[in-house]
Amino acid sequence: MVMDSAKGYFRCLLGALFQISYAAVMREMSDEKLMQRYAKGDAKAFDLLYARHRAPLYRYFIRQLNDPATANDLYQGAWEKIIKARRMPADAFLERARIVNPQMLEQYSEGFSKSVIVLTIHQGNWEWMLHGATTHFQIPIDPVYKPLHNKSADKMIYEIRSQFGSRPLSMDESVKDIIRRRREFRIFVMVADQSPIRSERGYWTRFMNQEANFYLGAETIAKMTRFPVLYAQCRRVRTGYYEIEFKELAKPPYDKASNDITDRYVELAEQAIRAEPESWLWSNRRWKRDRAKEEATEREANVGTAE
């Protein structure tokens with residue numbers, strides 16, 4: 001009896017020492033290593049990443065919003081939208097991200113035979129929208145995305161987004177890929193409400209009563225390919241449940257001299273935000289660029305060049 005108790009105690013001690021040693025090793029791992037371990041199914045690696053980056057990410061939201069409660073909701077939602085999707089079966093998204101009017105996509109793609117561009121904004125759960133549509137339609141859906149600087153994190157996000165058959169395209173490769181394969185049937189999805197960097201060509205317009213700059217990539221591709229364009233609005237039904245509604249945005253023939261597609265996109269985005277402002281990602285600093293200052297700087301540069 002004493003010997004059995006001693007053996008049991010020794011096993012527990014060894015187990016505890018192993019856990020302490022393992023935890024110490026994990027704490028010394030880089031984010032890249034932890035991402036790799038999590039991608040292989042190590043839940044503890046994710047827990048450590050969560051703890052390591054909670055404070056910086058939370059402080060970021062606090063700086064942007066100056067509201068602790070909203071900052072915490074955004075922080076929790078950022079993890080849920082991406083990470084939880086990895087653990088959910090495909091069928092769950094049929095209910096969690098329900099398509100309200102699937103017939104519209106079928107109509108504009110002419111029975112799923114011709115490609116369509118779908119534009120949306122950072123509202124609701126844009127990550128689950130992709131899985132909901134892929135699971136419902138069972139057709140090729142290629143989301144355009146901006147790669148992360150952290151290669152391991154980018155690899156994990158790519159795998160999560162492509163787990164049900166999607167083929168994510170980086171922004172840099174998207175235009176060439178779409179043009180090269182324009183005769184293949186696919187749905188191209190773009191979240192287009194982010195502000196272009198200053199070195200990229202954009203389009204200034206009024207957005208939520210303020211001057212804002214928008215990417216012209218989606219409009220350029222639509223006019224080059226003559227693909228119709230739909231808007232996808234995501235609404236939160238209740239916690240963890242969303243519905244997606246397609247709306248007509250534009251269809252050919254297009255006026256190449258105008259920016260009608262972007263103007264209509266901005267109009268639909270505003271309508272969606274006004275209808276459900278609490279679910280839009282206000283923290284993305286949409287109005288960080290100043291049109292007047294940029295145009296003044298450009299004029300000064302042109303004068304200097306002319307002299």
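**Sheet architecture, charge pairs and internal space in the predicted model**

In the predicted model, valine 144 has leucine 169 of β4 as its bridge partner. This contact belongs to the pairing of strand β3 (residues 141-145) with β4, which is parallel and extends over 2 bridges. Both strands form part of an open sheet of 7 strands, arranged in the order β1-β9-β8-β2-β5-β3-β4 with mixed pairing. β1 and β4 (169-170) are the edge strands, each of them pairing on one side only. For the protein as a whole, the secondary structure amounts to 12 helices and 9 strands. Of its 307 residues, 43% count as buried. Among contacts with a separation of 6 or more, 68% are between residues 24 or more positions apart.

At the other edge of the sheet, strand β1 (residues 97-99) pairs with β9 in the parallel sense through 3 bridges, and alanine 97 stands opposite tyrosine 242 of β9. Strand β9 (residues 241-250) is in turn joined to β8 by 9 bridges, the two strands running antiparallel. Within this pairing, leucine 230 has glutamate 248 in β9 as its bridge partner, while arginine 235 stands opposite glutamate 243 in β9. The hairpin of β8 and β9 has 2 residues between the strands, and glycine 240 adopts a positive phi near 80° there. Because 7 of its 10 residues are buried, β9 is largely enclosed by the rest of the structure. On its other side, β8 (residues 229-238) pairs with strand β2 (residues 116-120) in the parallel sense over 3 bridges; here tyrosine 231 of β8 is the bridge partner of leucine 119.

Strand β5 (residues 187-191) contains isoleucine 187, which is buried with a relative accessible area of 2%. The C-alpha atom of isoleucine 187 is separated by 4.7 Å from that of isoleucine 141, although the two residues are 46 residues apart along the chain. Leaving out residues up to four places away in sequence, isoleucine 187 touches Leu105, Val116, Val118, Ile139, Pro140, Ile141 and Asp142.

The charged side chains were examined next. The count of salt bridges comes to 17. In one of them, arginine 167 pairs with aspartate 177, with the closest N and O atoms 2.9 Å apart. Arginine 167 lies in the loop between α8 (151-161) and β4, and aspartate 177 in helix α9 (residues 171-180), so this pair ties together parts that are 10 residues apart in sequence. The two partners are unlike in exposure: arginine 167 is partly exposed at 29% relative accessibility, whereas aspartate 177 is buried at 5%.

Glutamate 211 takes part in two pairs of this kind. With arginine 291, glutamate 211 forms a salt bridge in which the closest N and O atoms are 2.9 Å apart. This pair links distant parts of the chain, since glutamate 211 belongs to strand β7 and arginine 291 to helix α12, 80 residues apart. Arginine 291 is partly exposed, at 29% relative accessibility. Salt bridges with shared partners also join Asp142, Arg167, Asp177, Arg180, Arg181, Glu184 and Arg186 into one network. The salt bridge between glutamate 211 and arginine 206 has an N to O distance of 4.0 Å. Glutamate 211 is partly exposed with a relative accessible area of 29%, and arginine 206 is partly exposed at 46%.

Glutamate 276 presents another situation, being buried yet without a salt bridge. The nearest side chain of opposite charge is that of arginine 235, 5.9 Å away, and the cut-off for a salt bridge is 4 Å, so the two do not qualify as a pair. Glutamate 276 is located in the loop between α11 (260-275) and α12 (291-306). Apart from neighbours within four places in sequence, glutamate 276 contacts Gln123, Cys234, Arg235 and Arg236.

A search of the whole structure for internal space finds 1 cavity of 30 Å³ or more. The largest cavity has a volume of about 60 Å³, and its lining consists of Leu119, Ala192, Phe214, Tyr215, Ala218, Glu219, Ile261, Thr262 and Tyr265. At least two lining residues are supplied by each of β7 (210-215), α10 (217-225) and α11. The greatest contribution comes from α11, with 3 residues. Leu119, one of the lining residues, is also the residue bridged to tyrosine 231 in β8.

Key. Residues numbered from 1 in each chain as written. Predicted model: local features only at pLDDT ≥ 70, side-chain atom pairs only at ≥ 80, totals over all residues. Heavy atoms only, no water. Helix = DSSP H or I, 4+ residues; strand = E, 2+ residues; numbered from the N terminus. Buried < 20%, exposed > 50% of the residue type's maximum accessible area, 1.4 Å probe, protein only. Lys, Arg positive; Asp, Glu negative; His and termini not counted. Contact = heavy atoms within 4.5 Å. Pairing = 2+ DSSP bridges. 1 Å grid on protein atoms, 1.4 Å probe; cavity = no way out; pocket = protein on both sides within 12 Å on 5 of 7 lines; lining within 4 Å. Points joined across faces, edges and corners; volume = space filled by probe spheres on them.
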